Every structure is written in structure tokens, then in C-alpha cells.
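Biologist: I'd like a close look at one part of this model: the salt bridges. Walk me through them, and then tell me what surrounds them in the rest of the chain.

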Amino acid sequence: MFSQKEQFNERLVDACPDKSWLLNALGGILVIITAITMFLFLGFGIILAGLGIFWLVMAFKMKNMEYEYTLTNGDIDVAKIVMKSSRKHILSIQETDIRSFDYADSAYVQNELDRNGHENNPKKVYKLVGKEPEKLVAVFAKAEGKEVIVILDFDDACIEHMNNVLKSRSKIKL
């Protein structure tokens, strides 16, 4: 009996930050303003100002966000990396749960996205793409017990990887 070689591919893309960084930045600015007001009128507030500056710096570091796609055979794992250190797992799709995949701008995908949300077509859409997308690919799958459409920012190597592993489910021809 022979063993099949495992195919592996990884892609890291710079992403647009969540809106939470802006709320944190506003919180930091509010703390700094409060500290300055306390210092001027009450004579103390330096420690609070330091805390506000720290909060503001951390908020701006949160703007540094990336998505990491890990393709292992036909399985897709997506993680969000904030500040190059904090990693959060977002989504896993098993090879057996992938129905099909195609370019996100194809007529088929656009039709599915337009129909989405109606009673007979309730799919959750995940758009996990970079700031400057290379090739957007829509993956139709079942994840966490629900039908989903996942839009990812693949490059040629990722598309070729998925085409090799999932030939019959690919609508992309290179």
C-alpha cells in the first residue's frame, strides 16, 4: 500500500482592520482629555494620562491585521492575526464539506450572493479578504452545520492547490 503525499499551502494577506480599533482609539483619546482636565483643575492625572497614551498606542497597533489561509489537502483553515502576535481562529472547512468554488466575480457566484438572504437560500457569507485583493475566490461549503459562502483572497498557488485536490468541484480552469 502506498501513502499519498500531503499537499500544504499557506497564504498571508494584509487585511482591513475591524471597527474595534477606532472605538479603542476614541477611548484612549477620551482618557487623555479627562487626564489633562484633571491635571489642570485638580492638580493630578498624570498616571491617567499615561494609561490613555498606552491605550491609544495599543489601538493603533490593532490596525495591523492579517488573514492567514492554511490549505492542507482540501481543508481550509482561516485565522486572523492582529499586531503580528495575537492569533484568532475564524473558520475551518473540511474537504468533504466543500460543495464547489469559483471566482467571486463570476456570474454564478454573483447570482448566489444576490439570492442570498431569501427564505429559501439562507447562507452565511464570510468575506475574509485583504486590503488589495489578488484573486477573490468564493467557496461554497457547509461549516459549523450551516451552508456558507466564504470569499477568500487566493493567489495562483492556492487556486492551483485547490484545483489539484478538488478537481470535480472546481469551476476555475487555469
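Modeller: Let's pin the term down: a salt bridge here is a side-chain nitrogen of Lys or Arg within 4 Å of a carboxyl oxygen of Asp or Glu. Bear in mind that this is a predicted model, where local features need pLDDT of at least 70 and side-chain atom pairs count only at pLDDT 80 or more, while totals for chains, interfaces and linings use all residues. Numbering starts from 1 along each chain as its sequence is written, and side-chain values use heavy atoms, with hydrogens and water left out.

With that rule, the search over the whole structure turns up seven salt bridges. I'll take three of them, including the pair D156 and K135, whose side chains meet at 2.2 Å, N to O. That pair links distant parts of the chain, with D156 in helix α4 and K135 in strand β7 (residues 135-143), 21 residues apart. Helices and strands are DSSP runs numbered from the N terminus (H or I, at least four residues, for a helix; E, at least two, for a strand). Both partners are partly exposed: D156 has a relative accessible area of 39% and K135 one of 25%. For reference, buried means under 20% relative accessible area, exposed means over 50%, and partly exposed is in between, with a 1.4 Å probe and protein chains only.

Right next door in sequence, D155 pairs with R11, the closest N and O atoms being 3.6 Å apart. D155 sits in the loop between β8 (146-154) and α4, and R11 in strand β1 (residues 8-15), so this bridge ties together parts that are 144 residues apart in sequence. Both D155 and R11 are buried. The two also belong to something wider, a network of salt bridges that links R11, E134, D153 and D155.

The third pair is K84 with E66, with 3.0 Å between the closest N and O atoms. Here, too, distant parts of the chain are linked: K84 is in the loop between β3 (75-82) and β4 (86-93), E66 is in strand β2 (residues 65-72), and they are 18 residues apart. The two ends sit in opposite settings, since K84 counts as exposed at 57% relative accessibility and E66 is buried at 7%.

The K84 loop has a backbone quirk as well. Most residues other than glycine have a negative phi. K84, however, has a positive phi near 55 degrees. M83, placed in that loop between β3 and β4, has a positive phi of about 60 degrees although it is not a glycine. M83 counts as partly exposed, at 24% relative accessibility.

Back to helix α4 (residues 156-165), which also holds N163. N163 is buried, with a relative accessible area of 14%. Its side chain makes a polar contact of 2.3 Å with the side chain of S170. (A polar contact is a pair of N or O atoms within 3.5 Å; within protein, one must be able to donate a hydrogen and the other to accept it, and residues adjacent in sequence count only if both atoms are side-chain atoms.) A polar atom of the N163 side chain also lies 3.2 Å from the backbone oxygen of I172.

Now for some context. The chain has four helices and eight strands, running β-α-α-β-β-β-β-α-β-β-β-α from the N terminus on. Its radius of gyration is 22 Å, well over the 16 Å that the globule rule gives for 174 residues, so it is more spread out than a compact globule. That radius is taken over C-alpha atoms, and the rule is 2.2 Å times the number of residues to the power 0.38. Along its principal axes the C-alpha trace spans about 75 × 45 × 30 Å. Buried residues make up 40% of the 174 residues.

One last spot is helix α2 (residues 46-61), where I46 is found. I46 is exposed, with a relative accessible area of 57%. G50 is in helix α2 too, and counts as partly exposed at 38%. Between G50 and K131 there are 32 Å in space, C-alpha to C-alpha, and 81 residues in sequence.
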